[in-house]
Amino acid sequence: MRRVLSHGSFLRFYLLLGLALCVVFLIALGGRSFIEQVRREDYREQLAALPMSLMTQQLADLPVAQREERLGRFSETLGMQLSLRSLEDAELGYFERTRIERGNVVVAESPWRLRQRLPSGNDEGSWMLEATLVAWSERQWQGSLVLLGEWLADTPANERATAMASLRAGSWPLTLLSTLPDDLTLEQQFQLTLGGVLTRLATDKLAITLLYQLPNESQWVQAGPISRGDTLPVNLHLPLLVGLMIVLSLIVYLIMRSIEARMARLELAATRIASGRLETRVKVESGDFLGRVGMAFNGMANQVQTLLRGQQEMIRAVSHELRTPVARIRFAVQMVEDMTDQPAIRRQLQGIDADIAELDELVDEILTYARLGGETINGAELEMALVECRAMAERVIDTLSPLHKGLSLTLDPGDDIELYAEPRYLQRALQNLVGNACRYGKSQVVIRLCGEPNLVRIDVEDDGPGIPLEARGDIFKPFARLDDSRARSSGGYGLGLSIVQKIMAGHRGSVTIDTSPTLGGARFTLLIPRRDLPA
């Protein structure tokens, strides 16, 4: 079954990866095709810009009655079918009309169809020049330059530069020459003299340059170099690359977001189990590698819960079973003590009775520790009530003061503090800390209460030897002690601080240890969060 899940998960992973790559490839292919289409349209528009701009500007300057004659001249020179239409009556789409109104050339292919708006001229209304031709050929190249030369010849010499600048040259860089290039042959110069258009090809750049001599003048107009426009411009490459990066980033983000969300749920479950909520489990959604991790995690949680539950049940059972023989031994000791009057035997019996009391106290500590392991998980089974912290601290002092007459147990003055908590367990935690301070303190133990907006802080300080820094991480472990002795003089069983920590965990609080800034000994601090009172 595991092998089937493993192969299936890998298959799904590779299928997802292949699908993502296919999507990226199709997007890249579509983007490339789109950009190429835009590039071709832009190249055609740049190619048709000069002849269309030249014709529309001349037509706009003519009266309406003379335009038909000039259209015929243009049509014969360029090999195009030309017509003028009213822009209001033309059947145009929204984008075509917008571009034409801006003065751009709109080009359609198969067959070529060129349309451009006439600039504001001698007539009222908006007119559009429409040119139709089968394909762009050498005739259009040469005819455009002939019309440009004739137009410049009719323009005063001092205005020719301004006139050329007013044209939309597109991919036709225009230059007015006073001398011919040095690399022309005699045949090429003779061709220009006869009124022909000289076409030159730069083989290194695959660019075309056209030359034409103005009629009856010693000036030449040069158009070019005109590139073929086959290379993809940088300003079109960049959006394609950016688009690919965005798509790839989005795919990676979606995959990582799914993995991160599932890992976050796994982390949350581990945190809950670490806080004592052993019933927490991870929801297994699939059989991939994260699903297998979740199943392994759930198996581990089941095993841990079973082991801890068995350990607690065993501790309870052993502790309960110990109470009966301890009670029988105590009863027998009391009977023997009543039957004898010898002082030596009575002293031995009193020592045995003290040992029995110590053993009984140890059993009680073990039972309390085992009981807290089940009752304080997330505070779910604690019976909460309103606790007056100052009165609770005074009760603890009243209880322990008679047992430690050589010490000064004091409570710092302050305001009354109320806290919603489990009264019996909270007092037990404070009593354990105060008892620990009395056991190791030299002459003074102080309890301080501090109420904050979100929690209540209780400090227990003593003037004893304190706790070494390296030992502070182990003192809350069960049966942990600062020394290896179990002498009655030092007292304790190593469970008191562990019980305090469990009680604080049940209240969603904490217990910390540091050095008392005023007494120089140890300072234990209880941090108990405030809870809202039940309705």
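The legends below describe close-up views of a predicted model.

**View 1. A sheet built from five strands.** In this predicted model, 5 strands form an open sheet in which the order is β10-β12-β13-β15-β14, and their pairing is mixed. The edge strands are β10, covering residues 408-411, and β14, covering residues 510-515, and each of these pairs on one side only. From one strand to the next, the twist averages 15 degrees.

**View 2. The edge strand β10 and its partner β12.** Strand β10 runs parallel to strand β12, which spans residues 444-451, and the two are joined by 4 bridges. Within this pair, leucine 411 stands opposite isoleucine 447, a residue of β12. Helix α10, made of residues 389-400, packs on the sheet, where it touches β10, β12 and β13 (455-462), and the direction of helix α10 makes about 170 degrees with that of β10.

**View 3. Helix α12 on strands β14 and β15.** Helix α12, formed by residues 496-506, lies across β14 and β15, the latter comprising residues 522-529, and this helix runs at about 25 degrees to β15.

**View 4. Threonine 155 in a loop between two helices.** Threonine 155 lies in the loop between α4, which covers residues 138-153, and α5, which covers residues 160-166. The relative accessible area of threonine 155 is 12%, and because buried means under 20%, this residue counts as buried. When its neighbours within four places in sequence are left aside, threonine 155 is in contact with Arg160 and Ala163.

Key
Residues numbered from 1 in each chain as written. Predicted model: local features only at pLDDT ≥ 70, side-chain atom pairs only at ≥ 80, totals over all residues. Heavy atoms only, no water. Pairing = 2+ DSSP bridges. Axes fitted to C-alpha atoms, helices over the stretch in contact; angles between N-to-C directions. Contact = heavy atoms within 4.5 Å. Buried < 20%, exposed > 50% of the residue type's maximum accessible area, 1.4 Å probe, protein only.
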